[in-house]
Every structure is written in C-alpha cells, then in structure tokens.
Amino acid sequence: MRVIVTPPRRLAGTVQVPGDKSVSHRAGLLGALATGPTEITGFLESLDCLNTLRALQALGVEVTRKGPGEYRIGGAGPGGLQEPDNVLDCGNSGTSARLLLGVLAGQPFWSVLTGDDSLRRRPMGRVAEPLRQMGASVVGRGEGSRLPLAIRGARPLKGLRYRSPVPSAQVKSAILLAGLFADGEVSVEEPAPSRDHTERMLRGFGCRVRVDGRSVTVTPGGDLRGHSIRVPGDISSAAFFLVAGAIVPGSAVTVSGVGVNPTRTGLLDVLGEMGAELGISDRQGDDEPGATLTARASRLRGARLGGALIPRLIDELPILAVAAAAAEGVTEVLDAAELRVKESDRIATLGAELTKLGARVEERADGFRIRGGAPLRGAVVRSWGDHRIAMALIVAGLVAEGQTVVEDTQCIATSYPEFLTTLNALTSEPCAYPEGAPA
Ligand code: S3P
C-alpha cells in the first residue's frame, strides 16, 4: 500500500492512542501462566500482539475477545500449557518470539517458532544462549540463533545469574519468564536499564521480584494470580503525533491516556531538550502510570543522545530523526547499534529514506548524525517493511514541500492499524491517505 502525504495547514486536537504493545504482550503471556482468569482492557489489537494471543491459543490457553481491546485469558496455571500441534508463527513480532521462548523454556515439550522474512533475520541467540544455560534445548538455523527454532523446555530449569551484553527488555524478560520455572533465583544484569514492564507486571501477579541497580532477580515458587489489567496508551505510538505537533507550524496536539513509565519516556526528555513546548497533565498512578501529553509547534534545536538514555527511547529514534531533520543544528545519536537489528536496519533505512526527502543524514556504526534545517522536499520513499519507519516517513511528509509518497505501508498494522485515521482527525482535510482512496 502506498500512502500519499501532503502538508496540512496545521494539526490541532486531542486524540487517544491504542494500548501499549509491550504491556499487551506481557498481559497475555502472564495471564496464560496464572491461576485463574485475567481480564485485560485496552489490549492492543495489532498484528504483533494478536500473534502472541494466537500462539497462546495453540498452547491450549483459552482466549476470549469480549469487545474492542477487551480480552479474558483463561489462566492455564503453572503446568497447564500443552504441546502445540503446529509451528508457532510470530509474524513480524520480536517480542512474541523472544518472550515465548522464555515461557517455552520451562515447558516439558517441543515447540517450533518461526516468523516473517524480517524476524527470521533477527538475532535470537541472545535469548537462546541463556535459556540453554538454564537447561532448555534450543536448536535451529545459524547454530540455533535464527528462527525457525525448535525448543524443548525442562522443568525445573536451573537458577542463573546472567549478565546481558545488550540492554534489551526482550532478553531480560525471556530470562525472567523462564525463571518462573527454575529451582533457584534467576537474575539478569543489564549494561543500562531497559523497559521494566515485565518486572512491574510480575509483581502485580504476586511474584517476588527484586531490583538492585541494573540487576533484576525473580524468586520462583508461588502461583501467579490472575487479575484485571488496564493497558495504558502506547507512548511509542503517541510519539508520532507529539513530534508532528512540534514540527508542523501552528500546531497543538494532545494525546490522552499515554503510559509514562519512566523507562519509556526518553522521548519527552529529548524533545524538551530540543526546545519543544511540551505539557504533561492528568497524571494517573497505577502499576503503569499514565498521563495526558501535549506538544505545540516549536523551534527545535539539535541534541546529542547516547548512553543510558538510548534504551529509554530506542523505538522512538526513527521519529526523533525526523524531529532532528526539522530542527536547527546538529543532532547526534550514539550507542544505538541495536537499531541495526530491529524490524529493519533502522540506521540504514533512515539514512536512505530521509536523504531522499532532502535531509542531511550521516550514518554511524552505532547511530547517526543529522544536520537539521535543510528544507524537506516531497519524494517517493519506502518503509523497508518496518512499521516505525513507515510512520516516521509519513510524519516527515507533513513538513516536506509538495507531495510525499510512502511505499510499503501495510506494515503499520503490526503496531498501529488506526494510525492514518487518527492522524487525519487532527487536520481539517485529510493529509495522509492510501493511494486511490478519496482524499
Ligand atoms: C520491547 C523491547 C525493545 C523494543 C521492542 C519491544 C519489549 O526491544 O524495541 O519494540 O516489549 O520488550 P529490545 O528488547 O530488543 O531492545
């Protein structure tokens, strides 16, 4: 699908974004392992999260859709998962694949996991290796480091103290989930703290979790107790509207009900540092805190990003690159080599596609440097099958002179099927629409 983008006069209004992708996956997975049902509201009904639910059903878990974003997960209990009779297809979803591997490491049967072209290229050894150390058998392509992978779990697994070479919540979560089936404590130390949704949710289910600096420890034993979970709006989806509000002249965009877990709010810190006029109101306390966020059109300046900030905004770097292109001065992103193993090599794809629009982007091994302020001009660009690149390019098109065409945008449905509808709700005339659709 090709999306045609033309600059709107301004963006104005209040929108909501769908449920957080990371929290939705975890709510399904932990609900499945719990004793008693878990009722979820605000579940993200995107392809990625639906892949997790389908895999759980294939493992014998009862999943009932009660309404939009409303699900009941029948807890299978600690010994309740069953050997699936077919391959579990995770589609484009790295979170489904890696977190499921963690759960399956503790199941005494064989499962086979696969994914789409992109996911089959992404590294799985970072999860498979520690799970092997705990006693699971994981075999497959690339010496057991690429999907399709077959995993046979063990029960109990061995306790482990693992030092992860990468700050990755997927690696940490897979090991902690496997830890539920271990005969001793399991801890993961990271080079910098990554998103902590698993830790928070495990506690919500009654599990003992200890955090000590960059190290997290789970103590197995004791059932997880099913309960009600409200998923907050996804800050990674809100990010596109906040940046659009900051760079389209005359705009004021409010997004309500957004999750503002501090391990996810690096975007807000950086936009503030770049000079964006941001408002945060209506804070709600919860296991996962939420708030209403507003961005007004502002003169942005470049910023330097690296170190422990990077895991707090890793998924927002594509849209931050667009903000950097619209800003005055230089933006430099360091310590972000993880971008190379996302749904696409985001350093390469951002470099190639933003350059076509007239941005001055230099690639680095572990990030990029953008000299902002060059006027963007409409062009034909493509997503490389990466949802966040597709949405970032659509936002770039809002400030590019003339018409921008973004190719290969079906992938947006992996995380945010309603993205275009919500974007157009902020303008008087549609500013981005599928080719051939009435403007
Ligand atoms: C996620 C963790 C991040 C992020 C991904 C979702 C999660 O990946 O990029 O979109 O839900 O745990 P890594 O753990 O590989 O950094």
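Aspartate 282 was my starting point, and I found it in strand S16 (residues 277-284), where strands (E, at least two residues) and helices (H or I, at least four) are DSSP runs numbered from the N terminus. I looked up its phi, which is near 50 degrees, a positive value in a residue other than glycine. I note that the model is predicted, that local features need pLDDT of at least 70 and side-chain atom pairs count only at pLDDT 80 or more, while totals for chains, interfaces and linings use all residues. Residues are numbered from 1 along each chain as its sequence is written, and side-chain values use heavy atoms, with hydrogens and water left out.

I then turned to aspartate 408, which has a positive phi of about 65 degrees although it is not a glycine, and which I located in the loop between strand S23 (404-407) and helix H14 (419-424). I recorded these because most residues other than glycine have a negative phi, and most peptide bonds are trans.

Next I checked peptide bonds. The bond from leucine 147 to proline 148 is cis, with omega near -5 degrees, and proline 148 is found in strand S9 (residues 146-152). The bond from arginine 155 to proline 156 is also cis, with omega near 0 degrees, but proline 156 lies in the loop between S9 and strand S10 (160-163).

For the ligand, I listed the surrounding residues (a heavy atom within 4 Å of it), and among them are Lys21, Arg26, Arg98, Gln170, Arg195 and Asp315. I also looked for polar contacts, meaning pairs of N or O atoms within 3.5 Å; within protein, one must be able to donate a hydrogen and the other to accept it, and residues adjacent in sequence count only if both atoms are side-chain atoms. An N or O atom in the side chain of serine 22 is 2.7 Å from a ligand oxygen, and a side-chain N or O atom of lysine 342 is 2.7 Å from an oxygen atom of the ligand. From alanine 169 it is a backbone N or O atom that lies 2.9 Å from a ligand oxygen. Taken alone the ligand exposes 380 Å², of which the protein buries 95%, by the Shrake-Rupley method with a 1.4 Å probe.

Last, I looked at how helix H11 (residues 317-326) meets helix H12 (residues 346-356): the axes, as lines fitted to C-alpha atoms over the stretch in contact, come within 11 Å and cross at roughly 35 degrees, on a scale from 0 to 180 degrees between N-to-C directions. With contact meaning heavy atoms within 4.5 Å, Leu317, Pro318, Ala321 and Val322 in H11 meet Arg346, Leu350 and Leu354 in H12.
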